[in-house]
Each structure stands twice: as C-alpha cells, then as structure tokens.
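Me: I've got a set of chains open on my screen and I'd like to learn how to read the way they meet. Could you walk me through it?

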Amino acid sequence: MGAAPFPVPTGSLLALGALLFCIGLFGALTKRNLIIVLVSIELMLNAANINLVTFSRLGVAPSLSGQVFSLFTMTVAAAEIAVGLALLLALFRLRKTSEVKDLNIHKW
Amino acid sequence: MVQYAWLVPFLPLVAYVFLLVLGRKAAEGLVAGVSVILTAVSFVLSLFIFQAVGNNPHGNNTYVFHWLTVGNRVFDVGFQVTHLNALMLVVVTLVSTLVFLFSKGYMHKDDRFPVFYQYLNLFVFSMLALVISLNLLQLYIFWEMVGLCSYLLVGFWYFKPEAALAAKKSFIVTRIGDTGMFAGIVLLFLATGSFDYSTIFSAVAHGTLHIGWLSNNGVITLTALLIFAGAVGKSAQFPLHVWLPDAMEGPTPVSALIHAATMVAAGVYLVARTFPLFQASTGATTTVAWIGAITALMASLIALTQRDIKRVIAYSTMSQLGYMMMALGVGAYAYGIFHLMTHAFFKALLFLAAGSVIHAVDTQDLFEMGGLRKKMPVTTYTFLAGALALAGIVPFAGFWSKDDILSATLQSGHPVLYWFGLIAAFCTAFYIFRVFFLTFTGKPRVEEKYEHAHEGSWVMKLPLVVLAVFATIAGFFNSPVNHYGLERYLFADFASGTAGVVVKENVGLMAFSVAVGLLGILLAALMYWRPAFGGEKLSKALSIPYIISFRKFFFDEIYTFVIVGGGKVIAAIVDFVDRYIIDGIVSLLSWIGSVFGTMLKYTQDGQVQTYSAIAAFGVLIFIAIAVFTVGGVL
Amino acid sequence: MSLSFWLVAAPLIAAVLLLVLPKMGGAASRGLAIVGTLVSLVLAIVMWLSFPSGSTGFEFIGKIHWFTLPAMWHGTDLSVGLSFGVDGLSLPLAAMTAFISVLAMAGAKRDIDRPRLYYFWLSMVTAGLLGVFAALDLFTFLVALEVTLFGSFFLIQLFGRPGSPKAAIKFLIYRGFATVAMLVALVGIAYGLTGAYSHSGISGNLSFSIPTMLNEAHHLSSGILPAGVAGALLLVLLLGVFIEEAFVPFHTWLPTTHEYADTPTNMVIGGLLTKTGAYVLLRFGVGMLPAQIQHYGMLIAVFGVINILYGAFAAWAQKDWRRLIAFGGISHMGLVLLGIASFSAAGLQGAMFMIVSSGLLTALLFFLTGAIEDRTNTVQLKDLGGLSKAMPMISGFLLVAALGSLGLPLTSGFISEIQAFIGGFTAYPAASFVGLGGLILSAVYLLYAIQKTTFGPTAKLAEGLSDATAREYLPTILLTAFVLLIGIYPNLIGHLFGLSVQGLLGIGG
Amino acid sequence: MNFVWSWPVIAFYIIALLTLCCGVIMLSVRKVIYMALTIGGVFIGASALYFLLGADFVGVAQILIYAGAITILIMFAIMLTNHEATEPGFKWSPKNIAAAIGSVLLAVVLLLAIRSTAWPTATTSQTALDGGNSNPMAIGLVMFKGYAIPFELVSILLIVALVGAVILAKERKEDE
C-alpha cells in the first residue's frame with residue numbers, strides 16, 4: 001500500500017510486554033495475598049495480549065488473527081478471575097484468611 | 001547258587017521292614033528272634049555261596065539291572081560275587097548273627113529295643129549289599145548307607161550329649177574321606193565311561209584311562225588316592241581316625257559289629273576290591289602302606305594309656321586296620337584280607353566280652369574293675385582267647401595273619417615298615433593284657449560294682465564262646481595245615497592266579513614276633529598283675545610320653561582348634577559379610593534412596609508459590625536454552 | 001483346548017471362584033484351592049504318562065491369540081498370545097509345582113486369618129508358576145512371572161510373621177529387578193533370534209513364540225548373531241537369573257523372606273519360586289544362547305562354586321532353622337550352575353535333577369520345621385533339643401530330609417550331585433574339586449542343626465509335646481516318598497529330562 | 001536502528017512509562033486496595049497501546065473487560081474478604097530472592113532475545129489489515145468465518161465459569 005512503516009520499533013513493544021510479564025511473575029511468586037496473586041496473573045496475561053496485538057500488526061505475516069486471539073484471552077481471563085475470586089470467597093468463608101501461605105494442606 | 005546271592009542282603013532287609021511294620025512296641029523276643037533267624041539263614045546261604053564260588057571260580061558271577069541313563073551312558077545296578085566278596089559275606093553274616101544274639105541280652109529292657117534291631121538290620125543289609133556291589137557307584141551308595149547306620153547307632157542314646165556329638169563327628173569325619181572317594185569314582189567314570197570294576201581294571205591294564213585334562217598315570221594315581229581317602233575315613237586311618245574312639249558312645253554290640261568287625265573293615269575291603277588300580281600306581285601303594293603303618297603304630301601307642309576299656313579296644317581296632325592297610329600297601333593282598341577276617345572274629349569277641357563286663361559292672365573305667373575272673377569265668381576265658389589272638393601268640397588266629405603281614409612287609413623290601421609293625425605288635429600285646437589284668441585279675445577296686453557283677457544269660461555267653469572258638473582256630477584257614485587254602489581261594493579272583501606278594505615261610509621271623517608279643521604280655525603282667533615294680537612309678541618316669549599318649553597325640557585338640565575352629569571362623573566371617581557387607585550395601589542403597597526421597601519431600605511444602613517458582617525456573621531454563629542455542633543472541 | 005492350557009487354568013479358575021463366591025469358610029476355601037491345584041496335578045500326571053516317547057520338543061500345545069502389535073519389526077506384525085505346552089524339562093517341574101502346592105495347601109494350619117484371601121493368593125501363585133513352566137510365548141511367560149511375584153509378595157506381606165512387610169518389600173524390589181533384567185534379555189533374544197538375525201534373513205518375522213525362538217537358535221549358524229550382542233544378552237540374562245535364583249551376591253532377599261514368611265508360603269517360595277531362575281537359565285540361556293553359555297562357562301562355574309561354599313558356610317553360622325534352610329538352598333543351586341556351566345549331558349541333567357530335588361527337600365524341610373515351630377513356638381537352634389523324645393516321627397523325617405539334603409545316596413540329592421559333578425569334572429576340574437567342599441560342609445551344617453534339634457537332653461519347651469498329626473503326615477510322607485523314589489529309581493524323571501537334554505545339546509553340537 | 005521522533009513514538013513512550021510505573025507501584029504498595037487500583041492503571045495503559053497500534057476493538061474490549069469488569073470484581077472481592085489487609089514489606093527471604101532472580105533473569109533473557117532479533121519493518125497499515133472495513137467489522141468477519149467453533153466453545157466456557165462461580169461463592173447452609 002506504500003504506507004509509511006509504523007514508527008514505534010517492534011522491539012520496544014515486545015520489551016514492554018516482557019517487562020510487564022516479569023513484573024507480574026514476580027508479583028505472583030512473592031505476594032502473600034491471594035487476590036494480589038490473581039491480579040499478578042492477570043498482569044501476565046495482559047503482557048501476553050500486548051505481544052499478540054503487536055504481532056498482529058507488526059509480525060512477519062500481519063493478520064487480524066492476533067487480535068482475535070487477544071479477545072479470546074480476555075474471555076478466558078475473565079472466566080478465570082471470576083472462578084478464582086469465587087474460590088477465594090468460599091475459602092475465606094471457610095478459613096477466614098486470604099493469604100497464600102495458609103493454603104498448605106498438601107504440605108508433606 | 002551264586003544267582004541267589006541277592007538273598008543274603010535281602011533277608012536282613014526283610015527283617016528290617018518287618019520290624020518297621022511291627023513298630024516300637026514289639027516284644028523283645030520276637031524282634032530279636034526274627035533278626036537272629038533271618039541273619040542265620042543268610043549266614044548259611046553265604047557258606048553255600050562261598051563254597052559254590054570256590055568250586056566254580058570262573059563261572060558267571062555278575063547280575064545286572066538297568067538303573068539310570070545319563071546322555072548315552074547307562075548306570076547299572078546288580079551284584080557280583082567274587083571270592084573276596086564271598087568271604088566277606090561269610091564273615092559279616094557270622095558276626096552279625098552272633099551280635100544279634102548278644103544284643104538280646106545286652107539291650108534288654110531298653111526303651112527302643114525294636115528300633116535298635118531295626119537299625120542293626122538295616123546296617124547288615126547295607127553292609128552285605130556293599131560287599132556284593134556290582135560297581136563303584138553301587139558300592140558308594142551302600143558305603144554311605146552303612147555310614148548312616150553307624151551315625152544312627154552311635155547316636156542311639158540320643159539323649160546323651162556325648163553320643164549326639166560322637167554321632168555327628170563320626171558322620172562328618174568319614175564324610176570328608178567319602179567326598180574324596182566320590183570324586184575318585186566320578187573321575188574313574190569319566191576316564192572309562194563306566195563304574196564297573198571289570199571295565200576299570202581292564203582300562204588300567206591297558207593304560208587307556210584318560211580325561212581331557214589328565215593323563216593315564218595321573219588318573220590312576222589321583223583316583224587311587226581319592227578312593228583311598230574314602231577308605232581312610234571309613235577305616236579310621238590317620239589322619240581321619242579321630243571319630244572311631246568317640247563312636248564308642250554307641251551301645252557295645254554296635255561297637256563290636258560296626259566299629260570292629262565289619263564297617264570299619266570296609267575301607268580295607270575297598271582297597272582290596274580296587275587292588276589292580278592301586279597296584280598300577282607306586283605312589284598310591286606307598287601312601288597306603290605308610291598311612292597304614294603310621295596308624296598301626298600311633299593307635300597302639302595311644303591304646304597303652306587309655307582308661308576306658310572300650311576306647312582301648314577301639315584304638316586297637318584302628319591299629320589292626322592299619323596293619324591291614326599296610327599289608328595291602330606293600331602288596332600283601334591275601335594277608336590283608338586274611339587279617340581282616342581273623343580280626344573280625346577276635347575283635348568282635350573282645351568287644352562283646354567287654355560289653356559283657358560293662359553290662360555286669362556298669363562302668364567302662366578300667367580302674368573301677370578288677371578281679372572279675374571269679375564272677376565271670378566265661379567272659380574271662382573268652383576274652384583271654386581274644387587277647388592272645390590279638391597279641392599274636394601262636395596258635396591263635398591273630399598270630400597267623402599278623403605274622404604273614406609282617407613277613408610280607410619285610411619280604412617286599414620295606415624294613416622300616418616292618419619295624420613299625422613290630423613295635424606296634426609289642427604295644428598291642430602290652431595294652432590288651434593291661435586290660436585283661438586290670439579287669440579280670442587282682443582285687444576288685446570298687447566293691448559295690450564288683451558285688452552285683454554277674455555273668456549274662458546264655459544269649460550273651462553263646463556268642464562269646466563261638467567267637468572264642470573262631471579266634472582260636474581261624475588262623476588255620478591260611479596255614480600249612482590246609483596248604484594256605486584261603487590264599488589260593490582269594491587269588492582265584494585274579495586272572496594270573498596270584499596277586500602281589502606271596503609269603504615264604506620263615507620260622508625265625510615267626511618266632512621273633514611271637515617273642516615280641518610275649519615280651520609285651522610279660523611287661524603288662526609285671527606292671528598290672530604281679531606288680532614287681534609299680535606301674536605308677538614307671539608312669540611318672542615317663543610322664544611326658546604318658547601324657548602325649550593319654551591325650552591321643554592331641555589330635556582332637558588340634559583338629560578342634562584348626563579345622564573346626566577355622567571352619568567356624570570362616571562361617572562367622574561369611575555370616576558377617578552376608579549380614580553387614582552384602583546386605584549392608586543393599587541397605588545402603590535403600591538408605592540412599594530414602595534420603596533422596598526425604599530431600600525431595602521437603603520441596604513439597606504445600607505452597608503454590610514455591611511450586612510455581614520452581615516451574616518458572618524450569619521454563620526460564622528452557623527459554624534460555626532455546627534462545628541461546630538459536631544463536632546470534634550474544 | 002489342550003491339556004497344558006487347563007493345567008495352568010485350573011488353579012486360576014479356583015482363584016477366581018474364591019474371589020467371587022460368597023460366604024466361603026476356611027475349610028471350603030482350602031477345599032476349593034486344593035481341588036483346583038489337584039486338577040493340575042492330575043493333568044500333569046496324565047501328560048506324563050502319555051508323553052510321546054522320544055519327543056524332544058513341546059507337546060500338548062494350546063494357543064489362544066490375544067492381540068497383535070502392528071509393525072513391530074520391518075513392517076511385520078507381532079502376534080501375542082496365551083500359549084502353553086510342555087517338554088521334558090517343563091513337565092516334571094510343572095508336576096512338582098502342582099504337587100508341592102497341593103501339599104502346602106493341605107498341610108496349612110487350619111486357623112489362618114482371612115482364609116479366602118490366603119488361598120486365593122496361593123492359587124494365584126500356583127497358577128503363575130505353572131504358567132512360567134508351561135508358557136510357550138514370551139509374553140505369557142513374563143505375565144506369569146509377574147503373577148508369581150505379586151502373589152508371593154502378598155502372601156509374605158499379609159500372612160507372614162510380625163515384621164514381614166519389610167521382608168515382603170525387599171522380596172518385591174529384588175525380584176522386580178530380576179524380572180526387569182530378564183525382560184530386557186528375553187525381548188533382546190527374541191529380537192536377535194527371530195528378528196534381526198534370523199536364518200531367513202534380516203527381515204525375519206519377529207516372534208515371541210518360544211518354540212520358534214528355539215528353532216531359530218537351532219538353525220542359526222553361529223556367526224550370524226554377533227558374539228558381542230549375544231554375550232551382552234547372556235550377561236543381562238544371568239543378572240536376572242542370579243537375582244531370581246538368589247545367587248550370591250544377590251541373595252539376601254531369600255533368607256529374610258524365609259525368616260518372615262509362614263510355612264506354606266515358605267514351601268512354595270523355597271521349593272518352587274526359587275527354581276524359576278534355574279529354569280530360565282536352562283530354557284533361554286542353554287536353549288537359545290548355547291555358544292555364549294560355553295564361552296562364559298568358566299564364569300558360571302566359578303559363581304557356582306562360590307555359591308556352593310558361601311551358602312554352606314553361611315548356613316553353618318545360622319542360628320535359625322529357616323535361614324539355615326535358605327542358605328542350604330543357595331548352596332544347592334550353586335551346583336545347578338556348575339552343572340549348566342559344564343554344558344554336558346550329565347551336567348545339564350544333574351542340574352535338572354537338582355532343581356527337583358532341592359525343591360522337594362526344601363519344601364519338606366520347611367514343612368517339618370514349621371511343624372516344630374507350631375509346637376515349640378521357635379525355630380532357634382539354641383532353644384531346641386531332644387525333640388526325638390516327644391516327637392520321634394517328626395524328628396525322624398527331619399533327619400531323612402537333612403540326609404537327602406546333604407546328598408546321601410538313595411535320595412534325590414545324591415542323584416543330582418553325582419550327575420552335576422560328572423559334568424563339572426569334565427569341563428572345570430579345579431572348580432569342581434573346590435566345589436566338593438560343599439558336600440562336606442552340607443553334612444556339617446545339617447547334622448549340627450539336627451544334633452541341636454532332635455538329639456541331646458530334652459529341652460524344657462519340648463516336654464509333653466505331641467507328635468505329628470494326620471494333617472502333617474500327608475505332606476511329610478508324600479514328599480519323603482518322592483525324595484526316596486527319585487533316589488532309588490531316578491529314571492522316573494530321568495527319561496523326561498534326558499529328552500530335554502538331547503534337545504538342548506542338539507543345538508550346541 | 002533509525003529512530004524517528006514522531007507523535008506516535010512519543011505517545012508510546014509516555015504510555016509505556018506510565019504502564020510500567022503502575023506495575024511497579026502495584027508491587028510496592030502495601031494496602032491491598034491500592035494494588036487493585038494501580039492494576040487498573042496498567043489495564044488502561046495497555047488499552048491505550050492497542051489504540052495506538054490501531055486495534056480499536058481490542059482496545060475498547062480491554063477497557064470494558066479488564067479496566068471495567070475485572071478491576072471492579074477484584075474490588076468487590078477485597079471488600080467481601082479482609083479489606084483491611086495489608087501486604088507486609090518485602091522481605092529478603094530465600095524464596096523471594098529466588099523469585100526476584102528468576103524474574104530478572106527471565107527479563108534479561110527475553111530482552112536479549114528481542115534485541116538480537118532483526119524484526120521486520122511493518123509496512124501494512126491497519127486499514128489494509130481491516131480490508132477496507134471498520135476494525136470491529138473486520139474482526140467480526142474473521143471471528144465468525146475462521147473461528148466460529150472456538151468462539152462457541154469460549155461462550156460455553158463463560159457460562160460454565162459463571163455458573164461455577166455462583167455455586168462456589170454461594171453460602172451453603174452447612175458452612176454456618
């Protein structure tokens with residue numbers, strides 16, 4: 001089409017995604033509150049979404065599929081957070097806690 | 001007649017089965033009666049066979065049955081009656097019959113009287129079957145069977161710890177020799193493809209024995225020595241002699257039958273039976289002669305000082321068996337067998353007489369007896385006959401056979417062995433008359449034992465008398481009187497009509513050995529009958545030799561320490577290795593496994609974040625590998 | 001359906017019925033199990049009597065196709081089936097299995113907990129053992145082997161003495177390893193003989209059929225299967241056999257197992273289960289890799305002698321009858337190795353006799369010591385003594401068993417020993433001479449134990465005890481009878497073994 | 001890399017900076033409720049990025065689902081549970097150190113990989129991708145033509161999640 005190339009370098013977009021993913025990972029591994037752990041996981045999913053959308057526009061073979069996939073991801077994320085939070089509520093009701101370290105019934 | 005030879009061992013077997021069926025509660029009279037009668041029938045049969053074989057020396061004497069196939073080889077069983085075998089049949093059945101009769105009195109009121117007769121019948125069957133075995137395999141089978149019977153009978157009074165130990169010892173010590181014999185038989189089979197005597201002898205004659213890894217001469221010497229090992233064990237020759245004295249823990253009739261007249265002579269019989277094999281190897285015959293001579297001398301030296309009447313006679317047996325071995329070793333085939341026969345009579349007699357004494361005074365210690373001549377005249381005079389025979393005093397049986405052996409030794413060019421034999425003969429005369437004087441003459445040493453001493457019933461006296469007769473006259477079976485009939489009878493087994501040395505009469509030598517015997521008796525009389533000088537004093541003067549003799553050259557102690565102790569140490573080491581090293585390694589492996597498991601267990605802390613951290617690391621590693629191996633990253 | 005199929009199936013059906021039928025009491029359970037095994041015994045006898053004379057191959061073959069593994073080797077399918085049949089080697093062993101199992105069941109104590117479960121596992125093990133001996137398909141064989149493994153494991157674990165679970169685990173792990181090693185070796189041999197290097201070319205039809213494998217080994221000229229491959233296969237097989245058979249130094253599971261298992265289990269394990277390894281060595285080692293057996297003969301012979309002496313010395317040091325019998329068995333089986341190593345008719349036949357002889361005698365010894373333990377509550381030598389007084393019959397039979405075990409002539413032990421040594425002296429004289437020590441030592445340890453047990457003053461705990469009961473006479477007398485029968489008339493089983501030996505040596509020659 | 005200063009570039013860096021800041025703040029604040037708020041910022045930043053890339057529909061969906069629904073849901077969850085909860089300060093426990101090292105290493109590896117790859121320069125405009133239609137319409141076409149079955153499956157998933165969440169969260173009598 002002769003249009004000018006997208007001015008933001010692909011690498012920068014991917015780097016943002018990678019950094020967000022690592023932040024989310026760190027949070028998921030270290031935070032003690034179960035809600036925050038779930039939130040961190042959402043953050044990781046989001047980072048993946050950024051990559052999907054980036055590649056849909058800037059990849060080797062640009063296509064709308066990337067965007068469609070990101071939509072699916074969001075749906076799954078929504079389902080996940082809904083079930084996750086429901087579990088959390090049930091757990092809180094049972095154990096009066098929402099801390100990850102208390103969920104250790106499988107300890108050796 | 002010869003084809004019925006199987007009946008001879010079969011009748012005692014019938015008696016055995018019959019007694020087995022009768023059980024443990026059978027009446028003594030019935031048990032003993034059946035045994036005596038059947039054995040007596042066997043004896044009569046044996047006499048007929050003896051005569052038949054003599055009349056028709058080259059007739060068919062072999063009967064074969066098929067037993068087992070190994071590859072393309074066939075093991076046969078059957079029986080064969082050579083002149084040697086026929087003689088053995090007669091001797092064994094005669095002594096057995098008399099011992100059966102004697103036991104009726106001796107074992108009277110024993111709890112297990114029928115069992116005793118069961119065992120004895122089984123023994124007689126095995127012994128007779130051994131004697132007429134067709135081949136070495138069959139001989140080995142019955143060889144072990146008589147060993148088993150010996151074990152059972154030595155341990156007959158199982159509740160006595162000494163009897164239990166003695167039974168075990170007798171079996172194991174003979175087993176050592178038997179194992180060698182087993183190997184010898186196997187090697188002969190490999191070399192000739194047969195266990196049959198005839199095949200083996202013809203192979204020896206043709207020098208065609210051959211095993212892949214051993215030459216003809218090697219096979220002959222090796223197998224002869226291995227078979228001799230069996231004979232050494234069974235005949236209680238040095239160095240496997242230690243079991244025989246202990247075996248005296250068994251009832252005295254057992255000692256008379258098994259440990260004097262028959263089973264222990266089986267070793268001599270074995271060497272005689274395989275005589276051509278031994279003759280083919282100088283090394284083997286020399287070994288046999290020396291072992292025999294050493295045993296004869298050593299045993300007679302030990303017998304000088306023993307206090308137990310049965311042990312003295314046991315050592316005497318050992319010594320006499322040594323003579324027989326020496327005879328076979330120097331090639332005096334006929335005289336070894338001749339002595340075997342005479343010895344069977346006079347030694348059975350001595351044992352039974354000793355049994356009669358023990359039965360009367362209820363002790364075996366010579367120094368608790370004395371003066372029994374007045375109370376037990378029959379026993380005294382029969383014992384005297386046996387003692388004179390043993391001492392080799394003319395004209396008693398032992399004189400003829402022993403003197404033949406000594407002459408043959410000298411004649412075959414073994415002066416050293418001759419002197420061994422002569423010294424042993426002196427000792428023999430001394431110790432047996434030491435026993436005689438201590439037991440039957442002088443004053444009673446323990447009054448109460450003397451008080452209730454009495455002669456046994458006729459069942460005990462009759463065998464003594466019969467045996468005394470034989471001990472007196474048996475020597476004439478091979479004497480100028482019948483032109484050395486036995487010698488000629490035995491030589492008929494050999495195609496050449498003769499075997500080994502044939503003794504030429506030498507009156508000087510005869511007189512000399514009789515003089516030696518008389519000297520021994522004189523010394524014994526001086527010390528124990530009419531104490532001219534105190535035996536005590538002499539004992540003190542010779543205290544060190546006395547102790548060596550009294551403690552039997554310390555063989556028991558040495559064996560106990562070196563062999564039994566060594567074996568136990570090895571066993572303990574093996575057990576230790578097994579429990580702590582081999583099983584220890586196994587336990588170590590399982591411990592390592594469990595340590596790893598425990599370590600891994602602690603990673604399961606139940607924290608989701610720990611698990612996901614580990615998973616993240618895993619992913620990181622995979623990403624890193626993927627990224628860096630693609631290249632161009634760094 | 002062939003006889004050999006029902007031979008294996010009968011105890012299996014009994015086991016299934018035991019599981020399915022409701023409300024089975026102790027007597028009914030035992031009865032059902034005995035009937036199942038008795039059928040096998042009768043079938044074995046029928047086959048024995050009607051075994052074609054002169055046949056060196058398998059008879060009474062029965063096959064069921066099970067499933068097909070597609071394209072296993074160069075596009076050919078591998079057919080896997082349940083296939084059974086017997087030859088001169090396996091028929092006596094199968095008969096012995098049924099015989100000893102029936103006697104173990106019949107002689108079992110009446111007051112067992114959970115009798116249904118007990119007889120179920122006993123029947124399973126019997127079926128497994130019969131399957132091992134009668135299998136004509138590698139797959140069938142391995143499945144049967146696993147059945148014996150797990151069956152015995154549960155017998156030890158659930159019905160043993162206190163502390164038995166640990167012994168059971170040891171048993172399971174050891175024999176599990178053995179099974180793995182044998183599986184690797186046997187599948188390797190199958191690939192080698194029928195697949196990669198068959199005489200019909202490199203793309204031969206891969207087959208798990210044992211007769212086919214034997215046939216290939218028979219036709220294979222020695223050069224085709226590379227010696228290195230075949231040697232490696234044999235060494236792996238030997239490893240498996242050594243563990244399976246409890247050969248030094250892989251034996252420590254056996255004494256432990258015997259120490260903790262109960263009497264019928266000990267009879268089955270000591271008398272039968274420890275004979276499968278020797279059977280494997282004869283069937284697969286000698287039958288399929290004869291050249292390698294000869295090549296490694298010295299190794300096998302040396303191991304045999306080590307076993308003979310080690311087992312004997314270790315037995316001497318034992319203070320517990322059961323461990324003593326276990327080590328005695330190890331010593332016996334060393335002679336099997338010596339016989340096999342010699343690779344001669346006499347040696348192989350001696351090894352086969354020894355398997356049967358050791359099986360019968362071990363079972364008998366375990367049964368009798370079990371009977372003693374039922375009365376005195378101990379089998380420690382130091383606590384026993386003078387049992388002849390209270391129980392002359394048990395003591396007498398114990399003596400007979402010991403004498404058979406030490407190889408007294410006219411017992412089966414002697415027949416085995418003499419043949420094995422005839423073989424051994426042909427090929428490995430030095431090793432055989434050393435091995436003779438075992439003959440002496442066996443007398444030492446057995447008579448020592450006998451002296452401590454039945455001779456001597458009557459021990460306090462032995463006073464007033466009763467002699468054998470009818471339940472105990474049956475197995476004792478029958479086992480003793482067969483020990484003596486084989487000793488007196490060895491051709492009874494010798495003619496079958498002889499056929500098998502001819503078949504085996506036909507390959508090597 | 002020839003770096004051209006243009007408005008989209010400037011906008012990208014501002015958006016990226018804000019997003020990362022929100023992320024880092026989320027990690028560092030201690031009150032749970034603030035964390036939930038900052039994550040909203042991250043979600044909005046991402047949607048801005050989508051708009052910048054021309055993915056209008058995805059951007060809108062991001063605001064609706066993430067910034068709207070999910071953030072609110074999280075708020076509710078916090079309120080329903082221990083809403084006073086505070087996260088304790090970061091401790092250099094071995095586990096945390098391991099997590100930090102892992103995260104940093106992952107970032108390093110990824111950034112290295114990104115840096116060393118020669119990314120193609122995109123010449124396709126969003127319009128061309130949309131094939132002349134509006135972006136939502138183009139996505140709709142792709143979704144219902146190419147991804148009909150996944151779409152339906154996702155809808156089933158949502159229903160299952162919905163019902164499941166209701167059942168899980170419902171107070172049961174035996175709990176009381």
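**Who touches whom**

Reply: Among the four pairs of chains that touch, chains A and D share the most contacts. Two residues are in contact if their C-beta atoms, placed from the backbone, lie within 7 Å. Keep in mind that this is a predicted model, where local features need pLDDT of at least 70, side-chain atom pairs count only at pLDDT 80 or more, and totals for chains, interfaces and linings use all residues. Residues are numbered from 1 along each chain as its sequence is written, while chains are lettered from A and ligands numbered from 1 in the order in which they are written.

Me: How many residues do chain A and chain D each put into the contact?

Reply: People often give the size of an interface as the accessible area lost when the parts come together. Here we count residues instead: 66 from chain A and 79 from chain D.

Me: Which element gives the most to the side of chain A that touches chain D?

Reply: Helices (H or I, at least four residues) and strands (E, at least two) are DSSP runs, numbered from the N terminus. On this side of chain A, helix H1 (10–30), helix H2 (34–58) and helix H3 (65–95) each give two or more residues. H3(A) gives the most, with 23 residues. By class, the side of chain A that touches chain D holds 46 nonpolar, 15 polar and five charged residues. For those classes, Ala, Val, Leu, Ile, Met, Phe, Trp, Tyr, Cys and Pro count as nonpolar, Asp, Glu, Lys and Arg as charged, and the others, Gly among them, as polar.

Me: Which residue classes make up the side of chain A that touches chain B?

Reply: That contact takes 11 residues from chain A and 11 residues from chain B. On chain A's side, seven are nonpolar, two polar and two charged.

Me: And how far apart are the nearest C-alpha atoms of chain A and chain C?

Reply: They are 23 Å apart, and the two chains do not touch. Chain C and chain D don't touch either, with 35 Å between their nearest C-alpha atoms.

Me: Where is confidence lowest and where is it highest in chain D?

Reply: Look at pLDDT, the predictor's confidence in each residue, from 0 to 100. Chain D has a mean of 84, with 92% of its residues at 70 or more. Its lowest spot is helix H5 (residues 126–130), at a mean of 77, and its highest is helix H7 (residues 148–169), at 90. The model as a whole scores ipTM 0.77 and pTM 0.84.
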